[in-house]
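Work through these exercises with the sequence and the 3D view side by side. Try each task before reading its solution.

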Amino acid sequence: MSKTIQPQPGIMNIALYVSGESKIAGQDEVLKLSSNENPYGPSEMAKAAFAEAAVDLHRYPATDHAPLRRAIGEAHLLDPDRIICGVGSDEVLQFITQCYAGHGDEVITTQHGFSMYPILAHAAGAIPVEVREAERRVDVDAILEAVTDRTRIVFIANPANPTGTMVSEAELRRLIEGLPPQVLFVHDGAYTEFADGFDGGASLVDDYPNVIMTRTFSKIHGLGGLRIGWGYARREIIEVLNRVRQPFNLSQAQMAAAEAAIRDVAYTAWCARENARWRDWLRNALVQMGVGCDESFANFVLARFDTPAEAEACDAALKAGGILVRRVGGYQLPDCLRITIGDEAACRRIVDVIARFKGVR
Ligand SMILES: Cc1ncc(COP(=O)(O)O)c(C=O)c1O
(Lines give C-alpha, C1' and ligand atoms only; values in the text may rest on other atoms or scores of the structure.)
Protein backbone atom coordinates (compact mmCIF):
# COMPACT_ATOMS: atom_id res chain seq x y z
CA MET A 1 0.00 0.00 0.00
CA SER A 2 1.21 3.51 -0.82
CA LYS A 3 2.66 5.42 2.14
CA THR A 4 1.65 8.84 0.79
CA ILE A 5 -1.73 10.46 0.51
CA GLN A 6 -3.30 9.59 -2.83
CA PRO A 7 -6.35 11.03 -4.60
CA GLN A 8 -9.12 8.63 -5.54
CA PRO A 9 -8.79 6.78 -8.89
CA GLY A 10 -9.72 8.98 -11.83
CA ILE A 11 -9.12 12.34 -10.13
CA MET A 12 -5.72 12.91 -11.74
CA ASN A 13 -7.20 12.09 -15.17
CA ILE A 14 -9.31 15.23 -14.99
CA ALA A 15 -8.25 17.93 -17.43
CA LEU A 16 -9.18 21.21 -15.73
CA TYR A 17 -12.22 22.96 -17.20
CA VAL A 18 -11.29 25.91 -19.41
CA SER A 19 -13.79 28.74 -19.20
CA GLY A 20 -14.31 31.53 -21.73
CA GLU A 21 -11.71 34.29 -21.51
CA SER A 22 -12.85 37.60 -20.03
CA LYS A 23 -9.80 39.87 -20.43
CA ILE A 24 -7.56 41.04 -23.25
CA ALA A 25 -4.14 42.32 -22.19
CA GLY A 26 -3.89 46.07 -22.65
CA GLN A 27 -7.62 46.61 -23.40
CA ASP A 28 -10.03 48.08 -20.86
CA GLU A 29 -13.23 47.76 -22.88
CA VAL A 30 -13.84 44.18 -23.95
CA LEU A 31 -16.85 42.77 -25.80
CA LYS A 32 -17.22 39.33 -24.20
CA LEU A 33 -18.84 36.81 -26.51
CA SER A 34 -17.02 33.80 -25.09
CA SER A 35 -19.33 32.34 -22.43
CA ASN A 36 -22.85 32.22 -23.89
CA GLU A 37 -24.13 34.82 -21.43
CA ASN A 38 -27.33 36.80 -21.97
CA PRO A 39 -26.19 40.17 -23.40
CA TYR A 40 -29.20 41.93 -21.87
CA GLY A 41 -28.58 40.61 -18.34
CA PRO A 42 -31.27 39.32 -15.98
CA SER A 43 -34.85 40.56 -15.67
CA GLU A 44 -35.31 43.75 -13.63
CA MET A 45 -37.59 41.69 -11.39
CA ALA A 46 -34.77 39.23 -10.69
CA LYS A 47 -32.40 42.07 -9.81
CA ALA A 48 -34.97 43.60 -7.45
CA ALA A 49 -35.61 40.23 -5.78
CA PHE A 50 -31.88 39.71 -5.33
CA ALA A 51 -31.47 43.15 -3.72
CA GLU A 52 -34.43 42.52 -1.45
CA ALA A 53 -32.89 39.24 -0.33
CA ALA A 54 -29.75 41.04 0.79
CA VAL A 55 -31.10 41.37 4.35
CA ASP A 56 -31.29 38.61 6.93
CA LEU A 57 -27.98 37.29 5.66
CA HIS A 58 -27.46 35.67 9.06
CA ARG A 59 -30.39 33.29 8.42
CA TYR A 60 -29.86 29.92 6.81
CA PRO A 61 -31.92 29.40 3.66
CA ALA A 62 -34.74 26.86 3.36
CA THR A 63 -33.44 23.42 2.47
CA ASP A 64 -36.33 22.27 0.28
CA HIS A 65 -36.34 25.08 -2.34
CA ALA A 66 -40.14 24.78 -2.31
CA PRO A 67 -41.11 28.26 -3.63
CA LEU A 68 -38.55 28.04 -6.45
CA ARG A 69 -39.60 24.51 -7.41
CA ARG A 70 -43.24 25.65 -7.40
CA ALA A 71 -42.40 28.59 -9.69
CA ILE A 72 -40.48 26.31 -12.08
CA GLY A 73 -43.37 23.86 -12.02
CA GLU A 74 -45.87 26.58 -12.87
CA ALA A 75 -43.74 28.04 -15.64
CA HIS A 76 -43.12 24.70 -17.33
CA LEU A 77 -46.24 22.78 -16.22
CA LEU A 78 -44.17 20.23 -14.27
CA ASP A 79 -44.67 18.50 -10.93
CA PRO A 80 -42.53 20.42 -8.37
CA ASP A 81 -41.96 17.20 -6.42
CA ARG A 82 -40.01 15.86 -9.38
CA ILE A 83 -37.65 18.85 -9.55
CA ILE A 84 -34.24 19.22 -7.89
CA CYS A 85 -32.28 22.50 -7.76
CA GLY A 86 -28.54 22.88 -7.78
CA VAL A 87 -25.67 25.35 -7.86
CA GLY A 88 -25.90 25.72 -11.62
CA SER A 89 -26.99 22.76 -13.70
CA ASP A 90 -23.35 21.69 -13.31
CA GLU A 91 -24.15 20.67 -9.74
CA VAL A 92 -27.19 18.66 -10.84
CA LEU A 93 -24.99 16.91 -13.43
CA GLN A 94 -22.55 16.18 -10.63
CA PHE A 95 -25.28 14.67 -8.42
CA ILE A 96 -26.32 12.46 -11.32
CA THR A 97 -22.83 11.17 -12.01
CA GLN A 98 -22.02 10.67 -8.35
CA CYS A 99 -25.23 8.70 -7.76
CA TYR A 100 -25.35 6.59 -10.92
CA ALA A 101 -21.74 5.91 -11.98
CA GLY A 102 -18.86 4.49 -9.99
CA HIS A 103 -15.48 2.87 -10.28
CA GLY A 104 -15.06 1.08 -13.61
CA ASP A 105 -18.46 2.06 -14.99
CA GLU A 106 -18.71 3.66 -18.42
CA VAL A 107 -20.24 7.06 -19.14
CA ILE A 108 -20.96 7.89 -22.77
CA THR A 109 -20.24 11.38 -24.06
CA THR A 110 -19.90 12.56 -27.64
CA GLN A 111 -17.01 13.86 -29.74
CA HIS A 112 -17.83 17.56 -29.41
CA GLY A 113 -19.88 17.19 -26.21
CA PHE A 114 -19.81 19.61 -23.27
CA SER A 115 -16.47 19.26 -21.49
CA MET A 116 -17.94 18.86 -17.99
CA TYR A 117 -19.23 15.35 -18.75
CA PRO A 118 -15.82 13.59 -18.88
CA ILE A 119 -14.69 15.65 -15.89
CA LEU A 120 -17.66 14.43 -13.85
CA ALA A 121 -17.20 10.84 -15.03
CA HIS A 122 -13.55 10.83 -13.91
CA ALA A 123 -14.49 12.46 -10.61
CA ALA A 124 -16.81 9.51 -9.94
CA GLY A 125 -14.04 7.03 -10.83
CA ALA A 126 -15.92 6.09 -14.00
CA ILE A 127 -14.57 5.85 -17.55
CA PRO A 128 -15.76 8.44 -20.09
CA VAL A 129 -16.38 6.80 -23.47
CA GLU A 130 -16.33 9.33 -26.30
CA VAL A 131 -18.51 8.53 -29.31
CA ARG A 132 -17.96 10.14 -32.71
CA GLU A 133 -20.43 12.67 -34.08
CA ALA A 134 -21.54 12.95 -37.71
CA GLU A 135 -20.75 16.39 -39.15
CA ARG A 136 -21.04 18.07 -35.74
CA ARG A 137 -24.30 16.30 -34.91
CA VAL A 138 -24.89 13.71 -32.21
CA ASP A 139 -25.13 10.31 -33.92
CA VAL A 140 -27.70 8.11 -32.20
CA ASP A 141 -26.51 4.92 -33.90
CA ALA A 142 -22.91 5.53 -32.83
CA ILE A 143 -24.08 5.95 -29.23
CA LEU A 144 -26.12 2.75 -29.34
CA GLU A 145 -23.13 0.87 -30.77
CA ALA A 146 -20.93 2.09 -27.89
CA VAL A 147 -23.22 0.80 -25.13
CA THR A 148 -21.79 -2.12 -23.12
CA ASP A 149 -22.76 -3.98 -19.94
CA ARG A 150 -20.76 -1.40 -18.03
CA THR A 151 -22.54 1.68 -19.45
CA ARG A 152 -24.44 3.59 -16.76
CA ILE A 153 -25.03 7.08 -18.16
CA VAL A 154 -25.37 8.73 -21.59
CA PHE A 155 -24.94 12.51 -21.66
CA ILE A 156 -26.05 14.74 -24.48
CA ALA A 157 -26.77 18.46 -24.57
CA ASN A 158 -29.60 19.35 -26.91
CA PRO A 159 -29.12 21.96 -28.36
CA ALA A 160 -25.47 21.02 -28.11
CA ASN A 161 -22.58 23.16 -26.93
CA PRO A 162 -20.36 24.17 -28.76
CA THR A 163 -21.94 23.07 -32.05
CA GLY A 164 -25.44 24.55 -31.55
CA THR A 165 -26.97 21.60 -33.44
CA MET A 166 -29.97 19.54 -32.31
CA VAL A 167 -31.20 15.96 -32.38
CA SER A 168 -34.88 15.57 -33.26
CA GLU A 169 -37.35 14.24 -30.72
CA ALA A 170 -37.92 11.14 -32.88
CA GLU A 171 -34.19 10.40 -32.83
CA LEU A 172 -34.04 10.92 -29.07
CA ARG A 173 -36.88 8.45 -28.60
CA ARG A 174 -35.07 5.95 -30.81
CA LEU A 175 -31.97 6.39 -28.67
CA ILE A 176 -33.79 5.98 -25.36
CA GLU A 177 -35.73 2.96 -26.60
CA GLY A 178 -32.46 1.35 -27.73
CA LEU A 179 -30.75 1.79 -24.34
CA PRO A 180 -30.75 -1.05 -21.79
CA PRO A 181 -32.94 -0.23 -18.77
CA GLN A 182 -29.98 0.25 -16.41
CA VAL A 183 -28.65 3.18 -18.46
CA LEU A 184 -29.69 6.68 -17.41
CA PHE A 185 -30.11 9.12 -20.29
CA VAL A 186 -29.25 12.72 -19.34
CA HIS A 187 -30.83 15.31 -21.60
CA ASP A 188 -28.96 18.54 -20.84
CA GLY A 189 -31.24 21.40 -21.81
CA ALA A 190 -29.05 24.37 -20.89
CA TYR A 191 -30.03 26.05 -24.19
CA THR A 192 -33.63 24.81 -24.47
CA GLU A 193 -35.28 28.22 -24.40
CA PHE A 194 -33.42 29.34 -27.53
CA ALA A 195 -34.90 26.45 -29.56
CA ASP A 196 -38.35 27.68 -30.46
CA GLY A 197 -41.19 25.45 -29.23
CA PHE A 198 -38.95 22.79 -27.66
CA ASP A 199 -39.90 21.39 -24.23
CA GLY A 200 -36.31 20.59 -23.25
CA GLY A 201 -37.01 16.89 -22.97
CA ALA A 202 -39.86 17.09 -20.41
CA SER A 203 -42.06 14.75 -22.45
CA LEU A 204 -39.21 12.24 -22.62
CA VAL A 205 -38.96 12.31 -18.84
CA ASP A 206 -42.69 11.71 -18.61
CA ASP A 207 -42.59 8.81 -21.06
CA TYR A 208 -39.47 6.91 -19.94
CA PRO A 209 -38.27 5.92 -16.44
CA ASN A 210 -34.55 6.29 -17.19
CA VAL A 211 -34.42 9.92 -18.40
CA ILE A 212 -33.50 13.11 -16.57
CA MET A 213 -33.57 16.60 -18.01
CA THR A 214 -31.33 19.38 -16.68
CA ARG A 215 -31.92 23.09 -17.14
CA THR A 216 -30.22 26.33 -16.10
CA PHE A 217 -30.84 29.93 -15.10
CA SER A 218 -27.42 30.87 -16.48
CA LYS A 219 -28.33 31.32 -20.14
CA ILE A 220 -31.71 32.80 -21.13
CA HIS A 221 -32.37 34.08 -17.61
CA GLY A 222 -29.01 35.89 -17.51
CA LEU A 223 -28.07 34.61 -14.05
CA GLY A 224 -24.79 32.80 -14.82
CA GLY A 225 -23.08 34.76 -12.04
CA LEU A 226 -25.55 33.55 -9.42
CA ARG A 227 -25.29 29.80 -10.16
CA ILE A 228 -28.74 28.16 -10.25
CA GLY A 229 -29.86 25.12 -12.22
CA TRP A 230 -32.38 22.34 -11.91
CA GLY A 231 -33.30 18.84 -13.00
CA TYR A 232 -36.58 17.04 -13.69
CA ALA A 233 -37.05 13.27 -13.54
CA ARG A 234 -39.17 10.53 -12.00
CA ARG A 235 -39.61 10.98 -8.27
CA GLU A 236 -37.46 7.90 -7.53
CA ILE A 237 -34.49 9.51 -9.28
CA ILE A 238 -35.00 12.89 -7.59
CA GLU A 239 -35.12 11.14 -4.20
CA VAL A 240 -31.78 9.50 -4.96
CA LEU A 241 -30.16 12.78 -6.03
CA ASN A 242 -31.45 14.63 -2.97
CA ARG A 243 -29.42 12.30 -0.76
CA VAL A 244 -26.12 13.74 -1.99
CA ARG A 245 -27.33 17.35 -2.24
CA GLN A 246 -26.07 19.56 0.56
CA PRO A 247 -29.10 20.84 2.47
CA PHE A 248 -28.16 24.52 2.08
CA ASN A 249 -26.76 24.38 -1.46
CA LEU A 250 -28.74 27.43 -2.62
CA SER A 251 -28.82 30.77 -0.77
CA GLN A 252 -32.02 32.73 -0.27
CA ALA A 253 -30.72 35.36 -2.72
CA GLN A 254 -30.17 32.74 -5.43
CA MET A 255 -33.62 31.27 -4.96
CA ALA A 256 -35.40 34.65 -4.83
CA ALA A 257 -33.70 35.92 -7.98
CA ALA A 258 -34.37 32.68 -9.87
CA GLU A 259 -38.02 32.63 -8.85
CA ALA A 260 -38.51 36.21 -10.03
CA ALA A 261 -36.65 35.46 -13.28
CA ILE A 262 -38.78 32.47 -14.20
CA ARG A 263 -41.98 34.36 -13.42
CA ASP A 264 -40.95 37.18 -15.80
CA VAL A 265 -42.29 35.31 -18.81
CA ALA A 266 -42.49 38.39 -21.04
CA TYR A 267 -38.81 39.24 -20.56
CA THR A 268 -37.72 35.66 -21.22
CA ALA A 269 -39.76 35.56 -24.43
CA TRP A 270 -38.27 38.89 -25.54
CA CYS A 271 -34.72 37.61 -24.95
CA ALA A 272 -35.47 34.49 -27.01
CA ARG A 273 -36.87 36.59 -29.88
CA GLU A 274 -33.91 38.98 -29.92
CA ASN A 275 -31.51 36.03 -29.82
CA ALA A 276 -33.22 34.28 -32.74
CA ARG A 277 -33.26 37.48 -34.78
CA TRP A 278 -29.56 38.29 -34.37
CA ARG A 279 -28.50 34.63 -34.54
CA ASP A 280 -30.06 34.34 -38.00
CA TRP A 281 -28.61 37.65 -39.07
CA LEU A 282 -25.12 36.73 -37.87
CA ARG A 283 -25.22 33.28 -39.47
CA ASN A 284 -26.29 34.73 -42.81
CA ALA A 285 -23.57 37.34 -42.67
CA LEU A 286 -20.92 34.70 -41.90
CA VAL A 287 -22.08 32.39 -44.68
CA GLN A 288 -22.05 35.28 -47.16
CA MET A 289 -18.43 35.95 -46.22
CA GLY A 290 -17.51 32.32 -46.91
CA VAL A 291 -17.37 31.27 -43.26
CA GLY A 292 -19.14 27.93 -42.66
CA CYS A 293 -21.90 27.97 -40.07
CA ASP A 294 -24.46 25.25 -39.24
CA GLU A 295 -27.95 26.28 -38.24
CA SER A 296 -27.80 26.97 -34.50
CA PHE A 297 -30.61 26.39 -32.01
CA ALA A 298 -28.76 28.04 -29.11
CA ASN A 299 -27.47 31.50 -28.17
CA PHE A 300 -24.25 31.13 -30.12
CA VAL A 301 -23.04 30.12 -33.54
CA LEU A 302 -20.05 27.99 -34.47
CA ALA A 303 -18.06 29.72 -37.19
CA ARG A 304 -16.01 27.32 -39.32
CA PHE A 305 -12.86 28.58 -41.02
CA ASP A 306 -10.83 26.89 -43.75
CA THR A 307 -8.01 25.83 -41.43
CA PRO A 308 -7.06 25.95 -37.73
CA ALA A 309 -4.50 28.62 -38.64
CA GLU A 310 -7.22 30.80 -40.18
CA ALA A 311 -9.40 30.39 -37.07
CA GLU A 312 -6.47 31.37 -34.90
CA ALA A 313 -5.69 34.41 -37.06
CA CYS A 314 -9.33 35.51 -37.00
CA ASP A 315 -9.38 35.13 -33.21
CA ALA A 316 -6.29 37.35 -33.05
CA ALA A 317 -7.98 39.95 -35.30
CA LEU A 318 -11.06 39.88 -33.06
CA LYS A 319 -8.94 40.31 -29.95
CA ALA A 320 -7.16 43.24 -31.56
CA GLY A 321 -10.62 44.72 -32.09
CA GLY A 322 -11.48 44.18 -28.40
CA ILE A 323 -13.73 41.14 -28.97
CA LEU A 324 -13.46 37.83 -27.13
CA VAL A 325 -14.94 34.67 -28.62
CA ARG A 326 -14.26 31.04 -27.76
CA ARG A 327 -11.54 28.90 -29.33
CA VAL A 328 -12.82 25.33 -29.38
CA GLY A 329 -9.73 23.27 -30.23
CA GLY A 330 -10.30 21.41 -26.95
CA TYR A 331 -13.62 20.23 -28.41
CA GLN A 332 -11.88 18.78 -31.49
CA LEU A 333 -12.96 21.81 -33.51
CA PRO A 334 -9.62 23.59 -34.07
CA ASP A 335 -10.82 25.31 -37.24
CA CYS A 336 -13.82 26.87 -35.46
CA LEU A 337 -14.68 29.79 -33.21
CA ARG A 338 -17.80 29.81 -31.04
CA ILE A 339 -19.45 33.21 -31.00
CA THR A 340 -22.12 34.09 -28.43
CA ILE A 341 -25.03 36.07 -29.87
CA GLY A 342 -24.77 39.58 -28.47
CA ASP A 343 -27.10 42.53 -28.97
CA GLU A 344 -27.42 44.27 -32.34
CA ALA A 345 -24.36 46.47 -31.83
CA ALA A 346 -22.24 43.46 -30.82
CA CYS A 347 -23.34 41.42 -33.84
CA ARG A 348 -22.66 44.28 -36.24
CA ARG A 349 -19.26 44.88 -34.66
CA ILE A 350 -18.16 41.27 -34.94
CA VAL A 351 -19.29 41.00 -38.55
CA ASP A 352 -17.38 44.15 -39.32
CA VAL A 353 -14.13 42.74 -37.92
CA ILE A 354 -14.55 39.33 -39.58
CA ALA A 355 -15.42 40.97 -42.91
CA ARG A 356 -12.24 43.02 -42.78
CA PHE A 357 -10.28 39.91 -41.78
CA LYS A 358 -11.71 38.00 -44.74
CA GLY A 359 -10.98 40.95 -47.02
CA VAL A 360 -14.59 41.33 -48.11
CA ARG A 361 -15.08 44.87 -46.78
C1 LIG B 1 -24.34 22.22 -22.34
C2 LIG B 1 -24.16 22.86 -21.01
N3 LIG B 1 -24.61 22.23 -19.93
C4 LIG B 1 -24.48 22.76 -18.72
C5 LIG B 1 -23.86 23.98 -18.53
C6 LIG B 1 -23.68 24.46 -17.13
O7 LIG B 1 -24.38 25.59 -16.86
P8 LIG B 1 -24.63 26.11 -15.39
O9 LIG B 1 -23.83 25.27 -14.44
O10 LIG B 1 -24.22 27.52 -15.41
O11 LIG B 1 -26.09 25.90 -15.17
C12 LIG B 1 -23.36 24.68 -19.62
C13 LIG B 1 -22.67 25.96 -19.44
O14 LIG B 1 -22.03 26.49 -20.28
C15 LIG B 1 -23.52 24.10 -20.89
O16 LIG B 1 -23.06 24.71 -22.00
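**Exercise 1.** Which helix gives the largest share of the shell around the ligand?

*Solution.* Keep in mind that this is a predicted model. Start with the shell: 13 residues surround the ligand. The closest are Ser89, Asp188, Thr216, Ser218 and Arg227. Now look for the helix. Helix α3, residues 88-100, supplies the largest share, with 3 residues.

**Exercise 2.** Sort the residues of the shell around the ligand into nonpolar, polar and charged.

*Solution.* The shell divides into 4 nonpolar, 5 polar and 4 charged residues.

**Exercise 3.** Find how far an oxygen atom of the ligand is from polar side-chain atoms of serine 218, lysine 219 and arginine 227. Then state how much of the ligand the protein buries.

*Solution.* Take the residues in turn.

1. For serine 218, a side-chain N or O atom is 2.6 Å from a ligand oxygen.
2. For arginine 227, the corresponding distance is 2.7 Å.
3. For lysine 219, a polar side-chain atom lies 3.0 Å from an oxygen of the ligand.
4. Taken alone, the ligand exposes 400 Å², and the protein buries 93% of that.

**Exercise 4.** Describe the largest nonpolar core, then follow phenylalanine 185.

*Solution.* The largest nonpolar core has 42 residues. Leu68, Phe185, Phe217 and Trp230 have the most contacts inside it. Helix α9, residues 252-263, gives the most to this core: 5 residues. Next, set aside the neighbours of phenylalanine 185 within four places in sequence. Its remaining contacts include Val154, Ile156, Leu172 and Asn210. Another core, of 29 residues, lies apart from the largest one; Val92 and Leu120 are among its members.

Technical notes:
Residues are numbered from 1 along each chain as its sequence is written. This is a predicted model: local features need pLDDT of at least 70, side-chain atom pairs count only at pLDDT 80 or more; totals for chains, interfaces and linings use all residues. Side-chain values use heavy atoms; hydrogens and water are left out. A nonpolar core is a set of buried Ala, Val, Leu, Ile, Met, Phe, Trp, Tyr and Cys residues joined through side-chain atoms within 4.5 Å. Buried means under 20% relative accessible area, exposed over 50%, partly exposed in between (1.4 Å probe, protein chains only). Helices (H or I, at least four residues) and strands (E, at least two) are DSSP runs, numbered from the N terminus. Contact means heavy atoms within 4.5 Å. A residue is near a molecule or strand if one of its heavy atoms lies within 4 Å of it. A polar contact is a pair of N or O atoms within 3.5 Å; within protein, one must be able to donate a hydrogen and the other to accept it, and residues adjacent in sequence count only if both atoms are side-chain atoms. Accessible areas come from the Shrake-Rupley method with a 1.4 Å probe; for residues, only the protein chains shown count as cover. Ala, Val, Leu, Ile, Met, Phe, Trp, Tyr, Cys and Pro count as nonpolar, Asp, Glu, Lys and Arg as charged, and the others, Gly among them, as polar.
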